[in-house]
Amino acid sequence: MGFDRRFTLGLIAWIAALAAAVTAAVLSFLTPGLGAARIVALLLVAGALWGMWRLVSRTNVALARFVEALRFDDTSARFGGTHGGGFEALGAALDGAMDRLRERQMASAAEMRFLEALVDDMPVALLTIDGEGHVDPANKAARRLFRGAPGTRAEDYAVYGATLAKRLAGGDAAEEILLLAIEGRTQRVLVRSGTLERLGRSIRAVTVQPIQGTLDAVEMAAQTDLVRVLTHEILNSLTPVTSLAATAADLLDDPELAGNPRIGDARAAVSTLARRAHGLGHFIEAYRAVAHTPELQRQTFAAQPWAEELGRIFAAREPEVPLDIEVTPARLALEADPDLLAQVLINLLQNAAQAMAGQDRPPRLALRLFADREALVIEVEDNGPGVPEGLRQDVFLPFFTTRATGTGVGLNLARQIVVAHGGSIDVGDAVGGGAVFRILI
């Protein structure tokens, strides 16, 4: 960028004025008796020097202001104008540069806000660990998931599981599945980690993604597919057996065979075979219910009257078993399929009543509904013999039962309905003995 015409003419004028002032000063000193003229000449020289300095220093001041504005990220400073100085072109260039810098700064800030919102709202919990071992929940999901952590060190996360604390302290695996106690139940989570550089410092980023719900859904889908295939194949094989048994029974009723002493035994055997084959067909048809995923009709409804209606249904079936119903708060609302969820609880209450039958102490049964953090909790607690720890996962498998008259379908269907709601169901020990089935939705 060259000097503009106004600056050049101004500079030439001040140089000429300075030369004239210096010439006048020299002449005044060479001529005796011109004391006053000498003072005036020196003032003129000083004025010309000041004018030249002011003309040049304006540009220096503008450049200094530009650099200072960059130093403090002030993109609102302006350098153009018509106040003189001869560097209007430079001022306009500086203003243009500042405008472009401000636009880029605003674009960068908008992009940063987007990335921050993206990280903060992502559904996977993100933890960051600095070089000193300080653990920081970096987004909303992490703050919700680990709100119970008592501190900010890796060992403080041992309340969820020793394996997680070890991983946060510096585990080697980049990806693994851990079993942690989260949100009131034991569940599997997928943990991934990596190392980033931030301002010359290494930061470890660890993501924690609960996958128990997904695993439950996959398991239920595999079970239903297996049951569907097995029942189909068994029925295909059983149909001709039933048909042939019925045909054989008809043939044995032929009067011409009445004189044979063994015909009666054969007729009884074939009739028994036909009845058992027919009964087995109905038995397998009943189990086909396990192979159908329940279809939800979600709606929002009040928990208190819904639970009281369940109590009346149960009382009609088991009038000798008292049921204590507790809903907290009283205005608690549920968002679920009321009919399917009611079927789950009726099944659990009925199982509890059967488990308490025949024991020495009076039966005690409770149905509790309450909100825990962001989840709805439903508990059915009894004072029966409880469920042995080794069977607590098996009781939800299809066809598994510990009762001689049980079918092994009820708890599996209950789990299917709960998983379809996006929740979980497990069983533990009740306070004072017995079992407590806990549903989280």
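Val-22 is partly exposed in this predicted model, with a relative accessible area of 37%. The residue sits in helix α1, which covers residues 5-30. Val-22 also has company at the surface: together with Val-26, Leu-27 and Leu-30 it makes up a nonpolar patch. The accessible area of these four residues adds up to about 370 Å². As for the spacing of such residues, an α-helix has 3.6 residues a turn, so residues three or four places apart point the same way.

Stepping back to the whole chain, the protein has 441 residues, and 35% of them are buried. Its secondary structure amounts to 10 helices and 12 strands. The accessible surface is about 25,700 Å², with carbon and sulfur atoms accounting for 60% of that area. Taking contacts between residues at least 6 apart in sequence, 56% of them bring together residues at least 24 apart.

Next comes a sheet. Five strands, in the order β2-β1-β5-β4-β3, make an open sheet with antiparallel pairing. At its edges are β2 (135-137) and β3 (175-182), each of which has a pairing partner on one side only. On average, neighbouring strands here are turned by 30 degrees against each other, direction ignored. Helix α5 (residues 162-170) packs on this sheet and touches β1, β2, β3, β4 (185-198) and β5. The direction of α5 makes about 130 degrees with that of β3. Within the sheet, β1 (residues 125-129) and β5 (residues 201-210) run antiparallel and are joined by 5 bridges. One example is Ala-125, whose bridge partner in β5 is Val-208.

Salt bridges turn up too, 11 of them across the whole structure. In general terms, side chains of opposite charge can pair when their charged atoms come close. One such pair belongs to the sheet just described: the side chains of Glu-175 and Arg-192 meet with an N to O distance of 3.1 Å. Glu-175 is in strand β3 and Arg-192 is in strand β4, so this salt bridge ties together parts 17 residues apart in sequence. Arg-192 itself is partly exposed, its relative accessible area being 35%.

Another group of charged residues goes beyond a single pair. Arg-364, Arg-368, Glu-379, Glu-381 and Arg-438 are linked in a network of salt bridges. Within this group, the side chains of Glu-381 and Arg-364 meet at 3.7 Å, N to O. Glu-381 lies in strand β10 (residues 375-382), while Arg-364 is in the loop between α9 (338-356) and β9 (365-372), so here too the pair ties together parts 17 residues apart in sequence. The two partners differ in their cover: Glu-381 is buried at 9% relative accessible area, whereas Arg-364 is partly exposed at 36%.

The network also includes a salt bridge between Arg-438 and Glu-379, with their closest N and O atoms 2.8 Å apart. This pair links distant parts of the chain, since Arg-438 belongs to strand β12 (residues 435-440) and Glu-379 to strand β10, 59 residues apart. Arg-438 is partly exposed, with a relative accessible area of 24%. Glu-379, at 8% relative accessibility, counts as buried.

Strand β8 shows a neat alternation of side chains. Leu-334 and Ala-336 point to one face and are buried, while Ala-333 and Glu-335 point to the other and are not. Strand β6 (residues 299-302) pairs with β8 in the antiparallel sense over 4 bridges. In that pairing, Thr-300 stands opposite Glu-335. The loop between β7 (323-328) and β8 (333-336) holds Pro-329. A cis peptide bond joins Thr-328 to Pro-329, with omega at about -5 degrees.

Helix α10 (residues 410-420) is the last stop. Of its 11 residues, 8 are buried, so the helix is largely enclosed by the rest of the structure. The buried set includes nonpolar names such as Leu-411, Ile-417, Val-418 and Val-419, along with Asn-412, Arg-415 and Gln-416. After α10 comes Gly-422, which has a positive phi near 80 degrees. For background, most residues other than glycine have a negative phi, and most peptide bonds are trans.

Definitions and conventions. Residues numbered from 1 in each chain as written. Predicted model: local features only at pLDDT ≥ 70, side-chain atom pairs only at ≥ 80, totals over all residues. Heavy atoms only, no water. Pairing = 2+ DSSP bridges. Helix = DSSP H or I, 4+ residues; strand = E, 2+ residues; numbered from the N terminus. Axes fitted to C-alpha atoms, helices over the stretch in contact; angles between N-to-C directions. Contact = heavy atoms within 4.5 Å. Patch = residues over 30% accessible without salt bridge, like charges linked within 9 Å, V, L, I, M, F, W, Y side chains within 5 Å. Areas by Shrake-Rupley, 256 points an atom, 1.4 Å probe, with all protein chains shown as cover. Buried < 20%, exposed > 50% of the residue type's maximum accessible area, 1.4 Å probe, protein only.
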